[in-house]
2 protein chains.
Amino acid sequence: MVNFETSPEMYRHWKLKIEGAVATLSMDVQEDVTLNEGYKLKLNSYDLGVDIELADAVQRLRFEHPEVEVVVISSLKPRIFCAGANIYMLGTSSHAFKVNFCKFTNETRCAIEDASMNSGQRYIAALNGTASGGGYELAIACDEIYLVDDGNSAISLPEVPLLGVLPGTGGLTRLVDKRKVRRDRADVFSTLAEGLKGKRAKEWGLIDGYFPTSKFQEAVAAHVQSIVEGNKRQKAERGVKLNPLQVEVSDDGREYKYVQLKLNRDGRYADLTVHAPQAETPTTIEEIETLGDAYWPLQAYRELDDALLHLRVNQLEIGLVCLRTEGKIADVLKVDETLAAHQDHWLVREIILHMARTLRRLDLTAKSFFALIEPGSCFAGNLLELALSADRTYMLNDPEEKVEVAASILNKGALPMSNGLTRLQSRFLAEPEMADAVFEHEGTFDTEAAEEAGLVTFAPDDLDWEDEIRVAIEERTSLSPDALTGMEASLRFAGPETLDTKIYGRLTAWQNWIFQRPNATGPQGALTNYGKPTQPQFDYKRT
Amino acid sequence: MVNFETSPEMYRHWKLKIEGAVATLSMDVQEDVTLNEGYKLKLNSYDLGVDIELADAVQRLRFEHPEVEVVVISSLKPRIFCAGANIYMLGTSSHAFKVNFCKFTNETRCAIEDASMNSGQRYIAALNGTASGGGYELAIACDEIYLVDDGNSAISLPEVPLLGVLPGTGGLTRLVDKRKVRRDRADVFSTLAEGLKGKRAKEWGLIDGYFPTSKFQEAVAAHVQSIVEGNKRQKAERGVKLNPLQVEVSDDGREYKYVQLKLNRDGRYADLTVHAPQAETPTTIEEIETLGDAYWPLQAYRELDDALLHLRVNQLEIGLVCLRTEGKIADVLKVDETLAAHQDHWLVREIILHMARTLRRLDLTAKSFFALIEPGSCFAGNLLELALSADRTYMLNDPEEKVEVAASILNKGALPMSNGLTRLQSRFLAEPEMADAVFEHEGTFDTEAAEEAGLVTFAPDDLDWEDEIRVAIEERTSLSPDALTGMEASLRFAGPETLDTKIYGRLTAWQNWIFQRPNATGPQGALTNYGKPTQPQFDYKRT
């Protein structure tokens, strides 16, 4: 069972050092501290355990150290920055684990870019040694890349020539779409096992600069200092501590304070319920700061994020997640109102950005989602996004009992999908005016109004409800899980494309395909044979 | 060996009828006329042979029948429009064949949309019976869809629920991105084996109308007539006949008039050479019309298209294609000048559109391409696109012998890639001014100028040339063909995304992944078990 919670005092592979506005995140992977058996993490190569720490550090820098303006990512190992994902780990992992590993590491790198773009924390990759494969992919997720010029250190993406797989942690996409490297040069670079050193790498736009060993630390430090000095943004005074989540784990699921995950293993589905705040929520910044990580939108979404990761990696057989909410609509809307009123305050900004990332994690989760809207639920404002992110939404139509949903200003753009649109915009691509109409509607939507507004898929009445939901669940969980994954990945992301959707859609899909190909993972495949005395044997048919 | 050449008098599965401005293309698949053994084409299901005829018809309508303004696609079988790709054919095909089959059928459907958008031939799907799977995917590639309302006929995408694969011939993408069907409805529709009938299908935007059986023909005909009457475009007088290509086939390759394909089977690469026109080319429309399909840009690109299809489907082991040209740069530029001068004439427009489609076929071919620019070559104007479409370009730098390339106005937008950009724009995403500079340059580019302008990847001198090319070819063909396919699909299409790139990138990649999954194609997979007494057995782990 993989645990996604950690904190700096527990890190085994990273050192986080904060000095004023500059954080240094140094990779120093412990070879023997692995998540699974059968491999050693040599040369700062990483497994999921290493990346969970990195993801934690990126998250904490935003909440706990808002004073940080530049994050330098480097390594404590001489002459090596990072050798990328551990090949033996990949070679011995199941297909599902490889896919989940890549998805999580991709999300970590997108979180770095999100921090840079939205939280004003600029990431500098200080490559004090060779960065190969996932090592260079980590660098290219940073804003700037500097490489030591020691006659030896290089950057490389050796996945294609050495392993028969892709630089699938965003590498290929960021080469041509983020750094906009000329495609023929990207082709040469991606097939060159030994990679490129400083001069050529700079010429081709793969790095931003290179310095001789003797001046490397100093030159990077001077550049970092110049960024800090040029930075005009208002400095936050002190951060908010992210304490460990309290979760009660049982065979049947996980019970957090606001989130409950109930596994129905026989039926291969889960109920995932988010509760509205149970007490009065604060309305002022001072109260929010005092509450810190106990403030509902932060705590509930941290819990939701953890539950989603758990579902993905530890509960592979669960194919369908029924999204439910419990509580008062007014309480959720009050939270949104407060968040919207203070959205320019750094902490509120970070809370909203975190909610958005969690919802994107949901969009990218390879499970089916049905939202079930029943009496006592509170699909309102930020929680309405759960219904909008679901593959389908069922809302009870019961004349005896009121069932309602509601929108808030947070549905208007604060919680964007990976494609850059709101979930309402994505839903109403054919009739954009329907998205506007949701906000022109006064008050809550009862079932009929919600159906008319296009917010729900089906609205069975109380006589049909139970049967219809049961049949829908049974039907969904009977279908091929692979076909569903491909279908959902296609239907969820209509409209515009971004770097993120290209990574999760195109690049990931090709990588998953290759991960299934005998040329990579068969007994004589390149990934299987890496480091062995045997040579890979390819079936050279092009497909 | 699959042959991609056909013509209406040879069709076995389609009837093409022209009446004034209206063409009717009726599907009447002969069960026993199959491309391979082991299946029957029941219920207007199709294999590659059926689609080759459709592609031919779509192409001929543009060249031979420019007077046609509306193309009605229907079926001659009672109560069935088309049951989609034949499942038994898919179930018994190799992975590579399935992938190539899907790619070709996708290109045919994109060609329909290209004809509609650029040639003013509007496509109407007249569904006189059920359209399932690929049948509905064909319909959704048309501009409008009308369904008979006979209490029985439905549209459906049953791939996910019945076969454990995707509606991968553009189906899922066109649902949400072309027709912009609401994603939750698309989800329901794509998991509903029996599909939807007229009323609900119209409500959800899946069709444009439905008519009772007794009025169906009449209603469609009236609508078609209203389109023709409302059409103001200038009518072309007569078309140009597309005669069969003359090709000499040998063990070593294919010899056309202007295109030569030479296979180096041992080295797993091919030389594909395009020759410039050998005689004076015409400059007036009258001369062009007289030449017809013998006019160089039409004949050479038809030959190139055929060679590419042959390479894809019949020469799987060829992993690399070396693109070469022979002839005088001035002769090629003269053709471009003539085409540009007459680009508003329907025939010239069609010739240019065909060149663009052929070049896009090249972009989408799962082989590596190296352009080799040597003395006597003519990578100029439209043929410069070959160099720009290559994964890499090598240009000889020889002080003794002049080697040159040149741009023409046709490089400025007439030959767009699937992403909507020119190949120069795609190349210079980081520095758009470099694309402009190509056109500001006077005259041809010698090797040094071409290198400086960013048009070539490497410019070895005469001492190194032979060795460098040999090593590059050997290295390329030694790599995993699957990793190369995924890499090239990622690096070739930087920048914006379109319906087409989404289909060939995202949807195709997911489909290819699923085609490899035991849940689809394993001994107990859904595709393998379709129509058998045994039930598919799924591994329900979600990935």
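The following exercises, each with a worked solution, concern sheets and helices in chains A and B of a predicted model.

In this predicted model, local features need pLDDT of at least 70 and side-chain atom pairs count only at pLDDT 80 or more, while totals for chains, interfaces and linings use all residues. Residues are numbered from 1 along each chain as its sequence is written, chains are lettered from A and ligands numbered from 1 in the order in which they are written, and side-chain values use heavy atoms, with hydrogens and water left out.

**Exercise 1. Determine the strand order and the edges of the 6-stranded open sheet of chain A.**

Step 1. Helices (H or I, at least four residues) and strands (E, at least two) are DSSP runs, numbered from the N terminus; two strands pair if DSSP finds at least two bridges between them.

Step 2. The order is β1-β2-β4-β7-β9-β11 (chain A), with mixed pairing. Since β1 (14-19) and β11 (209-212) of chain A each have a single partner strand, they stand at the edges, so one side of each is left without a neighbour in the sheet. From one strand to the next, the twist averages 20°.

Step 3. Within this sheet, β2 (residues 22-27) and β4 (residues 70-75) of chain A pair in the parallel sense over 6 bridges; Ser26(A) stands opposite Ser74(A) in β4(A).

Step 4. Helix α1 (residues 48-63) of chain A lies across β1, β2, β4 and β7 (122-127) of chain A, at about 15° to β1(A). Here axes are lines fitted to C-alpha atoms, for helices over the stretch in contact, and angles run from 0 to 180 degrees between N-to-C directions; contact means heavy atoms within 4.5 Å.

**Exercise 2. Describe the 3-stranded open sheet of chain A.**

Step 1. The strands follow the order β5-β8-β10 (chain A), and the pairing is parallel. The edge strands, β5 (79-82) and β10 (155-156) of chain A, each pair on one side only.

Step 2. Strand β8 (residues 129-132) of chain A is joined to β10(A) by 2 bridges, and Ala131(A) stands opposite Ile155(A).

**Exercise 3. Identify the parallel partners of strand β9 (residues 144-149) of chain B and assess its burial.**

Step 1. β7 (residues 122-127) of chain B runs parallel to β9(B) and is joined to it by 4 bridges; Glu144(B) is the bridge partner of Ile124(B).

Step 2. Strand β11 (residues 209-212) of chain B also pairs with β9(B) in the parallel sense, over 4 bridges, and Val148(B) stands opposite Phe211(B).

Step 3. Of the 6 residues of β9(B), 5 are buried (under 20% relative accessible area; exposed is over 50%, partly exposed in between, with a 1.4 Å probe and protein chains only).

**Exercise 4. Characterise the packing of helices α1 (residues 48-63) and α13 (residues 346-363) of chain B.**

Step 1. Their axes come within 9 Å and cross at roughly 150°. The two helices are therefore roughly antiparallel (over 145 degrees; under 35 is roughly parallel, 65 to 115 roughly perpendicular and the rest oblique).

Step 2. The contact involves Gln59(B), Arg62(B) and Phe63(B) of α1(B), and residues of α13(B) including Trp346(B), Leu347(B) and His354(B).

**Exercise 5. State how far helix α7 (residues 183-190) of chain A is enclosed.**

Step 1. The buried residues include Arg183(A), Asp184(A) and Phe189(A).

Step 2. Because 7 of its 8 residues are buried, α7(A) is largely enclosed by the rest of the structure.
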